[in-house]
Amino acid sequence: MAETLGPALPHELQEHARRVLRKACDCECPIAAAESCTGGLLSALLTDIPGCSHMFERGFVVYSDQAKCDLLGLERAMVEDCGAVSREVAIAMAKGALARSDAGLSISITGYAGPPGEGDDGEEGLVHFACSRKGNAMSHRECHFGKRGRQGVRIAALEVALDLIEQELGE
């Protein structure tokens, strides 16, 4: 069980993270995460698993548009034109995480965990993911989790992110 997040996250999610990290160890494939709506929760979960956490190379918590540009190298015009919660931005985030780390695989998560902010016409529960292993094609997934509340959307997003990483590592 995860040591510090244990009480906050479902046991099944923690076990899933453990399986994913074991696969990463077996493949010797370090992971980087670029997170927006999950606010670093995936990074915290992956570093909370004893014995395998060393396979987590780094995390980028890029909640603001500016952070996405500064830390991951996204073009501001692309973020503004496509929207921070979009397929294009999720893919650019995953590419940026790979380019700015020593990871062999990256995952990105960008979405609306709660009601969109003022002036935003986004859909609550809409989350875009992108995942790629170096040398492989980028995969993308769009999920519509609905109005589950911030915690519900974030937990659902963690599950999908772990699924994508596991698929990329080879089931």
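Is Ser43 buried or exposed? In this predicted model, Ser43 is buried, with a relative accessible area of 11%. The views below start with the whole chain and then come back to this serine and some other spots.

**View 1. The whole protein chain, with its 6 helices and 5 strands.** Walk along the sequence and you get the pattern α-β-α-β-α-α-α-β-β-β-α. Along the principal axes, the C-alpha atoms fill a box of roughly 45 × 35 × 25 Å. The radius of gyration is 15 Å, and a compact globule of 171 residues would come out near 16 Å, so the two agree. Buried residues make up 52% of the 171. Take the contacts with a separation of 6 or more, and 63% of them link residues 24 or more positions apart.

**View 2. The outside of the protein chain, with an accessible surface of about 7700 Å².** Carbon and sulfur atoms own 46% of that surface. As for charge, the chain carries 17 positive and 26 negative ones, and the mean positions of the two sets lie 2 Å apart.

**View 3. Strand S1, residues 31-35, is mostly covered.** Here 5 of the 5 residues are buried. In a regular strand the side chains alternate between the two faces of the sheet. In S1, Ile31, Ala33 and Glu35 point one way, while Ala32 and Ala34 point the other way. Both sets are buried, Glu35 included. Next door in the pairing is strand S2, residues 56-61, which joins S1 in the parallel sense over 5 bridges. To find your place in that pair, look for Ala32 of S1 and its bridge partner Arg58 in S2.

**View 4. Ser43, back again, sits in helix H2, residues 41-46.** What does Ser43 touch, once residues up to four places away in sequence are set aside? The list is Ala33, Glu35, Phe56 and Gly59. Ala33 and Glu35 are the residues that point the same way as Ile31 from S1, and Phe56 and Gly59 fall within the residue range 56-61 of S2. Why call this serine buried? Its relative accessible area is 11%, and buried means under 20%.

**View 5. Ser86, in the loop between helix H4 (76-82) and helix H5 (87-99).** This loop serine is buried too, with a relative accessible area of 5%. Leave aside the neighbours within four places in sequence, and Ser86 is in contact with Thr110 and His128. Thr110 falls within strand S3, residues 105-111, and His128 within strand S4, residues 126-133.

**View 6. Strand S4, with 7 of its 8 residues buried.** That count is why S4 reads as largely enclosed by the rest of the structure. S4 has paired strands to look at: S3 runs antiparallel to S4 over 7 bridges, and S5 (residues 139-144) is joined to S4 by 6 bridges, also antiparallel. Ala130 is a handy marker in S4: Ser108 stands opposite Ala130, and in S5 the bridge partner of Ala130 is His140.

**View 7. The hairpin formed by S4 and S5.** How many residues lie between S4 and S5? There are 5. Look in the turn for Gly135, which has a positive phi of about 90°.

Technical notes
Residues numbered from 1 in each chain as written. Predicted model: local features only at pLDDT ≥ 70, side-chain atom pairs only at ≥ 80, totals over all residues. Heavy atoms only, no water. Helix = DSSP H or I, 4+ residues; strand = E, 2+ residues; numbered from the N terminus. Rg over C-alpha atoms; globule rule 2.2 N^0.38 Å. Buried < 20%, exposed > 50% of the residue type's maximum accessible area, 1.4 Å probe, protein only. Contact = heavy atoms within 4.5 Å. Areas by Shrake-Rupley, 256 points an atom, 1.4 Å probe, with all protein chains shown as cover. Lys, Arg positive; Asp, Glu negative; His and termini not counted. Charge placed at Lys NZ, Arg CZ, Asp CG, Glu CD. Pairing = 2+ DSSP bridges.
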